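Here is a set of short exercises to work through with the structure open beside you. Try each task yourself, then follow the solution step by step.

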Amino acid sequence: MTIKKTVIALILLTLSLSLNLQAQNNEVVVDKVVAVVGKNIIKLSDVEGAYNQVRRQQGINNAQMYRCQILESMLLSKLLVHKGEVDSVEVSDDDVEEQVSYYLNMELRQYGSKEALRNATGRSYDELHDIYFDILKERYLAQKVEYNLTENVKVTPGEVREFFDNIPKDSLPDVEDEYELAEITIKPKVSSAERERVKLELAQLRERVLKGEKFSMLAALYSQDPGTSNKGGELGFFSRGDMVTEFESAAFALQPGEVSPIVETQYGFHIIQLIERRGNTINCRHILMIPKVSNDDLLRSRIQLDSIANQIRLGNLTFEQAAIDFSDGATRQQGGIIANAATGTNRFYRSNLKEQFPGISIATMDEGEISNATMFTTEENQQAYRIVKLVRHIPAHKANMVDDYDKLYNAALNKAQQAKIQDWAQRQIRNTYIRIDDEFKDCDFQLNWFDNNNGRKTN
């Protein structure tokens, strides 16, 4: 595990660990400061908590080696933080607050309520907020310093080739089957009558709230948002920019307890109740109702797509032009080429195809083949149809410069950035007060944290 990768993983682990250590770790840790970098301390409980998290997830057995790696990750992170503090690098509290809201909402989704969260962690919601804020602000500062140090690092095609040539041939990684795909989607339009039916039903629910019924109870009974209905429609705290514009504008205009008029977004129709305002964040409940397309409209979409597919197969129309002319999807201007959000590329791994394209046997298709129209659920939770074309299949293989240049480029760039950080860190160590406890004196660190006797050990 490299230092750079460990830093990123470690800070995320520390977030989870800081909140869940009391609930999940039955071992009693007699806490102490095990390292100091500048004025920033690292406690034994930080190291032990991160180690326990890794142990639960990966089943590791070399305890001290992993503790040493975790401590070195923390030392490097604290060194970046120290540099940011010395150079007065600014971090926006608003940016930090947005991330705090994100992580707290994840915790609330996991535990279901603030009370359950408190029971699991031993800390109140407000206490957890402050813990997250401190950790995330430090994380932002370290990342900002790291970005400033590495933003100008580049690698040339020749350096990518050299990086590849230096990988032992028996150590070249295996790359599983990959697929490049394109799609044409048709999303049936909801009828005016269906839209009015939903709006009327939602208006009646709003009236019931205004007459005194509990919003949370009605949300649990009627909301079609599966992520919040079981929590009485509560969304958790969010900032401006987190929600779609129409929802956000209506929500931020409310006073605590006030209920919005009906709001339309790409997901359907909502009514919103403001629970609490905290600084630049708010917590709301909502009831979502989604107009449904009729079976007849769905059938017409399927027939239309099958007709388009046949015209393409007969050579009367190219897939790329058909996507531009007919597709309702976001990929239409790219000729239907689908980007994989998980990797940032246009390739999909075989192991993920069934999950990402249910109902389509892409792995059995030939290059250039087009699927029949298949129903799927859009991001807006609406039923629609699509046809998918297999543009290219890259069979499983050992990594090579032709098929995997982008992967190799990123790996070479990461190595160059890591080398830049390590060179900087080793120089920085010589001019920074660093103290490490004797418990870790025998660690085989990648960097010399005791350079020039600066990394003094405790007695």
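**Exercise 1. Decide whether Gln 110 is buried or exposed, and place it in the predicted model.**

Step 1. Find the element: Gln 110 lies in helix H4.

Step 2. Look at its surface. The relative accessible area of Gln 110 is 53%. The cut-off for exposed is over 50%, so Gln 110 counts as exposed.

Step 3. Now relate it to Tyr 51. In sequence, Gln 110 and Tyr 51 are 59 residues apart, and their C-alpha atoms are 22 Å apart in space.

**Exercise 2. Do the same for Lys 78: is it buried or exposed, and which residues does it touch?**

Step 1. Lys 78 belongs to helix H3, which covers residues 63-86.

Step 2. The relative accessible area of Lys 78 is 14%. Buried means under 20%, so Lys 78 is buried.

Step 3. Setting aside residues up to four places away in sequence, Lys 78 touches Val 37, Asn 40, Ile 41, Ile 42 and Glu 138.

**Exercise 3. Describe the largest nonpolar core: how many residues does it have, and which element gives the largest share?**

Step 1. Start from the background idea that in soluble globular proteins, nonpolar side chains tend to be buried together.

Step 2. Count and pick out the centre of the network. The largest nonpolar core has 48 residues, and those with the most contacts inside it are Leu 71, Leu 75, Ile 436, Phe 445 and Trp 449.

Step 3. List the contributors. Elements giving two or more residues to this core include strand S1 (33-37), helix H2 (44-58), H3 and helix H4 (93-111). Helix H6 (125-150), helix H14 (405-429) and strand S13 (434-436) are also among them. H3 gives the largest share, 10 residues.

Step 4. Zoom in on Leu 71. Beyond its neighbours within four places in sequence, Leu 71 is in contact with Val 34, Ala 35, Ile 42, Val 47, Ile 436, Phe 440 and Phe 445.

Step 5. Keep looking, since there is another core to find. A second, separate core has 16 residues, including Ala 182, Ile 312, Phe 319 and Ala 322.

**Exercise 4. Work out which residues of helix H11 are buried and what covers them.**

Step 1. Check the length of the helix. H11 has 19 residues (295-313), which at 1.5 Å a residue should span 27 Å; the C-alpha atoms at its ends are 27 Å apart, so the two values agree.

Step 2. Mark the buried residues of H11: Asp 297, Leu 298, Ser 301, Leu 305, Ile 308, Ala 309 and Ile 312. Around the axis they cover an arc of only 115°, so they sit on the same side of H11.

Step 3. Turn to the other side of H11, where Asn 295, Asp 296, Arg 300 and Ile 303 are exposed.

Step 4. Identify the cover. Over the buried residues of H11 you will find, among others, strand S4 (178-186), helix H12 (319-326), strand S10 (374-377) and strand S11 (383-394). H11 lies across S4, S10 and S11, and runs at about 30° to S11.

Step 5. Follow the chain onward: just after H11, Gly 315 takes a positive phi of about 85°.

**Exercise 5. Work out the strand order in the sheet that contains S4.**

Step 1. The order is S9-S4-S11-S10, in an open sheet of four strands with antiparallel pairing.

Step 2. Find the edges: strand S9 (347-349) and S10 each pair on one side only. On average, neighbouring strands of this sheet are turned by 55° against each other, direction ignored.

Step 3. Inspect one pair. S4 and S11 run antiparallel and are joined by nine bridges; Ile 184 stands opposite Ile 387 in S11.

**Exercise 6. Treat the sheet that contains S5 in the same way: which strands stand at its edges?**

Step 1. This open sheet has four strands in the order S5-S8-S7-S6, and its pairing is antiparallel.

Step 2. Strand S5 (234-239) and strand S6 (263-265) stand at the edges; each has a single partner strand, so one side of each has no neighbour in the sheet. The average turn between neighbouring strands here is 45°, direction ignored.

Step 3. Follow the pairing of S5 with strand S8 (residues 281-289), which is antiparallel over five bridges. In S8, Arg 285 is the bridge partner of Glu 234, while Thr 281 stands opposite Ser 239.

Step 4. Ask how enclosed S5 is. Five of its six residues are buried, so S5 is largely enclosed by the rest of the structure.

Technical notes:
Residues are numbered from 1 along each chain as its sequence is written. This is a predicted model: local features need pLDDT of at least 70, side-chain atom pairs count only at pLDDT 80 or more; totals for chains, interfaces and linings use all residues. Side-chain values use heavy atoms; hydrogens and water are left out. Buried means under 20% relative accessible area, exposed over 50%, partly exposed in between (1.4 Å probe, protein chains only). Contact means heavy atoms within 4.5 Å. Two strands pair if DSSP finds at least two bridges between them. Axes are lines fitted to C-alpha atoms, for helices over the stretch in contact, and angles run from 0 to 180 degrees between N-to-C directions. The expected span of a helix is 1.5 Å times one less than its number of residues. The arc is that of the directions from the helix axis to the C-beta atoms. A nonpolar core is a set of buried Ala, Val, Leu, Ile, Met, Phe, Trp, Tyr and Cys residues joined through side-chain atoms within 4.5 Å.
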